[in-house]
Amino acid sequence: MLRLRRFFAPVAVTTTLVVAAAGMVLHGGLAGTAAASTRAPLASSAGCGRAPGLASGNQTIQSGGQTRSYILRLPPNYDSNHPYRLIFGFHWNGGTANDVDSGGSDGYVWSYYGLRALSDAAGAGSIFVAPQGNGNGWADPNGQDITFVDDMLSLFEANLCIDTTEIFSSGFSYGAGMTYALACARPNVFRAVAVYSGGNLSGCSGGTQPVAYIGLHGEEDSTLPIASGRALRDTFVRNNGCTPQNPPEPAVGSYTHIVTAYSGCKPGYPVVWAAFDSGHTPAPVDGSTNGSGTGAQTWTKQVVWNFFAQFGSNSSPSASPTTSQSSSPSASASASPSSSPTGSAGRIVGTGSGRCVDVPNGSQTSGTQVQLYDCNGNTGQQWTYTSAGELRVYGNDCLDANGKGTTNGTKAIIWSCNGQSNQHWSLNANGTITGVQSGLCLDATGAATSNGTPLELWSCNGGSNQQWKLG
């Protein structure tokens, strides 16, 4: 259970994530979910090609005549010749750098608001830093906290291998205010920011240039009312040239959330708004009505990770993002689907079998178990990966863990897309496809390779029957 002090009121109720912004296509790899970066391609820092001058753990730095502290977290198997994404995680009022780095009582799965585990699972490789605020806050008097970030960046770029086109910031509450202040003051430094339940608490020096922006806010937030989050968002709706709108937000008591990706934004500068029926929290939980939030279960981490990950240096520009709405988590499995993703579809081919993930006989009946079959180009073998993490076939059917199962042997079936977590999947750098809800791998039963082999979920074991090629 999350334990956030002072600026954290226990969460009330939320819903399942459904975002179907411009779809990521399984065709020769994953395309970005929004317009990708128009900035310079990968730019290596001065620390590339050198032994790292910094190590994971607690660190201090002199900044503005003060001794400031932060926690640094290098990726597993750090490679000094590989430029890494850099992600800041700012704590809330009364919180600490350790709270962000450790993930609190939820541990690693919620470290850096859940982004660290997702980065590791994707094999993406990211450097994370959790700064410590003076007085456990981010008042930024006379710009001292902005200067603190500047000084850390100078140190990191000199001593570590960083892709300077991929620097990001995230923060909750007071930390969200600090993240917003950085977007205002350092738009040419930060590629994108994630503002969880924020307000204009740390100032906004400048605030006229575009930065890719995702804001998340609870409608029942009594600490920083949602109007404050809307105001921050609208700064970057203007700066990013997006088409103004009043994005839909769920009705109070609906236990839902709605994620809107603005249209008309400048290429490379999307704005996304996630409004949820809950209170002051960075971790609303799908369908929870007990006033609690856990980093292990929240949908926000995947939404923010998808938003950040689209800006990889090798990603290609795609169409402007669209708007979509979530469905109620209390709805039946046949709930109305979310908006269809855009883009063409592609095959998912088993590494061990050379055969495709296939819906038998082109069936569109919910509950049909998928199988291996010779690749033939039929529509039952054409899958599209959306920014919500869905694997869609026929447009409105999703790959689904039968009965929301989380145990070995759970059938992999198709079902009408409903936004629930058993229909969300992670596509990992090692070739595995894992269920976001279960953590289990998509598996060809019994390591068989023949036509008709049913697919199921199973504990990941490195076998070729759990590895898939996209395209």
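Okay, let's start with one residue: Asp120 lies in helix α2. Helices and strands here are DSSP runs, H or I of at least four residues for helices and E of at least two for strands, numbered from the N terminus. A word on the source: this is a predicted model, so local features need pLDDT of at least 70 and side-chain atom pairs count only at pLDDT 80 or more, while totals for chains, interfaces and linings use all residues. Residues are numbered from 1 along each chain as its sequence is written, and side-chain values use heavy atoms, with hydrogens and water left out.

Back to Asp120. Is Asp120 buried or exposed? Neither, really: Asp120 is partly exposed, at a relative accessible area of 25%. For the cut-offs, buried is under 20% relative accessible area, exposed is over 50%, and partly exposed is in between, using a 1.4 Å probe and protein chains only. Leaving aside residues up to four places away in sequence, Asp120 touches Pro76 and Tyr108, where contact means heavy atoms within 4.5 Å. And then there's Ala429, which sits 309 residues from Asp120 along the chain, yet their C-alpha atoms are separated by 9.5 Å.

That sort of long-range link shows up in the totals too. Take contacts in the chain between residues at least 6 apart in sequence: 70% of them join residues at least 24 apart. The chain has 471 residues, and 58% of them count as buried. In secondary structure, we've got 6 helices and 22 strands.

Now, the inside. The largest nonpolar core has 48 residues, and the members that touch the most others are Phe88 and Phe156. By nonpolar core I mean a set of buried Ala, Val, Leu, Ile, Met, Phe, Trp, Tyr and Cys residues joined through side-chain atoms within 4.5 Å. Helix α4, residues 174-185, gives this core its largest share, 9 residues. There's another core apart from that one, with 33 residues, including Leu118, Phe172, Leu216 and Phe311.

Let's stay with Phe88 for a second. Beyond four places in sequence, the residues Phe88 touches include Val129, Met152, Phe156, Ile167 and Phe190. Phe88 also stands opposite Val129 in β5.

That brings us to strand β4, residues 84-90. Why call β4 largely enclosed by the rest of the structure? Because 7 of its 7 residues are buried. β4 has strand β6, residues 162-172, as a parallel partner, over 6 bridges, and within that pairing Phe90 stands opposite Gly171. β4 also runs parallel to strand β5, residues 126-131, joined by 4 bridges. Pairing here needs at least two DSSP bridges between the strands.

Next up, the empty space. The second largest pocket holds about 560 Å³. The search uses a 1 Å grid over the protein atoms alone: a cavity is a set of points where a 1.4 Å probe fits but cannot get out, a pocket is an open set with protein on both sides within 12 Å along at least five of seven lines, and lining residues have an atom within 4 Å of a point. Points are joined across faces, edges and corners, and a volume is the space filled by probe spheres set on them.

Which residues come closest to the centre of that pocket? Of the 23 lining residues, they are Ala296, Lys301, Gly435, Val436 and Gln437. Three elements give two or more residues to the lining: α2 (115-121), α6 (300-309) and β19 (433-435). The largest share, 3 residues, comes from α2, and that's the helix where Asp120 lies. By class, the lining has 9 nonpolar, 12 polar and 2 charged residues; Pro counts as nonpolar along with Ala, Val, Leu, Ile, Met, Phe, Trp, Tyr and Cys, charged means Asp, Glu, Lys and Arg, and the others, Gly among them, are polar.

As for α6, 9 of its 10 residues are buried, among them Lys301, Trp305 and Phe308.

There are also 2 cavities of 30 Å³ or more in the whole structure. The second largest has about 40 Å³ of space, and its lining includes His424, Trp425, Gly435, Val436 and Gln437. That lining divides into 4 nonpolar, 7 polar and no charged residues.

Last, two backbone oddities. Asn142 isn't a glycine, but has a positive phi of about 55 degrees; it sits in the loop between β5 and α3 (144-159) and is exposed, at 85% relative accessible area. Ala447, also not a glycine, has a positive phi of about 60 degrees. Ala447 lies in the loop between β20 (441-444) and β21 (455-458), and is partly exposed, at 46%.
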